[in-house]
Amino acid sequence: MIHILFGPSPAGSLRAAFKENGIDKNEQIISFWDRFSIGPVWRLDEEAGKEARFDWMKNVINDEYGEFQEYKQSFQKTIDQILSIPEGLPITIWTADNAHEQIGLRFGLHLLKERNNDIILINTTKAFSELLKKRNVQYTVLHSGEISPDKLQIIYDRGQGKVLTDHDKEDYEKEWLSISDNRETLRIWRNGRIVSVPEDYFDPFIIQKAKKLHREQKTKDFMKSARLIGEVLGHLDQYVGDEFLEYRLRKLIEKEVFDVEGSLIAMRYYSVKLR
């Protein structure tokens, strides 16, 4: 079985689960190191589309340790791995109810559209709710990386996947073509759909959380930027990642919404406060 996931965290958890159960030699895991909820996905299967995405991501990814070049190489390597999957080998795609993984699902199916492989779709948000949710605990899986290895193994063992029909694949392909036909740079998951929103969509939420932290401080002193980003990330009902939120914080600094103290080279080097 080939497994396709979207992010190093869920891929690492699934790999750990398979190793623990002694089946890691039979299961191949392919994973994108990316977040498809952010950045352009216009014509992403073409060279021009990839370059457009890389140009945008260059402003978002902190390149303190050369992560950007690694990101570019990893992206192309993952595409090559998917395109080289042998005909007839079954594929399981793992996804949760968020824009990132749902777009990744549609992109992955687009890359596989000419292939004759059985494809099983596992929705981890739905499977976790049906199999593992505790009574009287309100918790919804935001992304597959939140699920521990042992619970991913339970989901896999219980056969929670759905075999995609040709009709299912055609519907996903149409959705991908629609998504990849525009140059939007931010998407969210609302009412079971991928919705494009302006890039500054989360800016008011960042400002709101900064006001909250200032109230807790009882002063308007500088706060560590990582503290603010952590507060926003912990209360956000979307999966966009800390790098994007920090990128938006830098944009708010440029607009003089925040004062800054320190170096913007990386999140841990500076502090902010609302003007």
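1. In this predicted model, Glu216 counts as partly exposed, since its relative accessibility is 48%, and Lys212 is likewise classed as partly exposed, at 24%. The two residues form a salt bridge whose closest N and O atoms are 2.7 Å apart. Both belong to helix α8, where they lie 4 residues apart, about one turn of the helix. An α-helix has 3.6 residues a turn, so residues three or four places apart point the same way.

2. A salt bridge with that spacing occurs in helix α9, where Glu231 and Arg227 are 4 residues apart, about one turn of the helix, and the closest N and O atoms of the pair are 3.1 Å apart. Here Glu231 counts as buried because its relative accessibility is 7%, which falls under the 20% limit, whereas Arg227, at 40%, counts as partly exposed. Lys212, Glu216, Arg227 and Glu231 are linked in a network of salt bridges.

3. The whole structure contains 17 salt bridges, and one of them joins the side chains of Glu175 and Arg106, with an N to O distance of 2.7 Å. Glu175 lies in helix α7 (residues 166-179) and Arg106 in helix α4, so this pair ties together parts that are 69 residues apart in sequence. Glu175 is partly exposed at 35% relative accessibility, while Arg106 is buried at 5%.

4. Helix α4 (residues 99-111) also holds Gln102, which is buried, with a relative accessible area of 5%. The side chain of Gln102 reaches the backbone oxygen of Ala96 at 3.0 Å. When neighbours within four places in sequence are set aside, the contacts of Gln102 are Thr95, Ala96, Asp97, Asn123, Trp189 and Ile194.

5. Helix α10 (residues 242-254) is worth checking for its length: its 13 residues should span 18 Å at 1.5 Å a residue, and the end C-alpha atoms are 18 Å apart, so the expected and computed values agree. The buried residues in α10 are Phe244, Leu245, Glu246, Tyr247, Arg248, Leu249, Arg250, Leu252 and Ile253, a list in which charged residues such as Glu246, Arg248 and Arg250 appear. The elements covering these buried residues include the helices α2 (47-57), α8 (203-217) and α9 (225-235), together with the strands β9 (258-262) and β10 (270-274). Just after α10, Glu256 adopts a positive phi of about 65 degrees.

Methods:
Residues numbered from 1 in each chain as written. Predicted model: local features only at pLDDT ≥ 70, side-chain atom pairs only at ≥ 80, totals over all residues. Heavy atoms only, no water. Helix = DSSP H or I, 4+ residues; strand = E, 2+ residues; numbered from the N terminus. Expected span 1.5 Å × (residues − 1). Buried < 20%, exposed > 50% of the residue type's maximum accessible area, 1.4 Å probe, protein only. Contact = heavy atoms within 4.5 Å. Polar contact = N/O pair within 3.5 Å; in protein donor to acceptor, adjacent residues only side chain to side chain. Salt bridge = Lys/Arg side-chain N within 4 Å of Asp/Glu carboxyl O.
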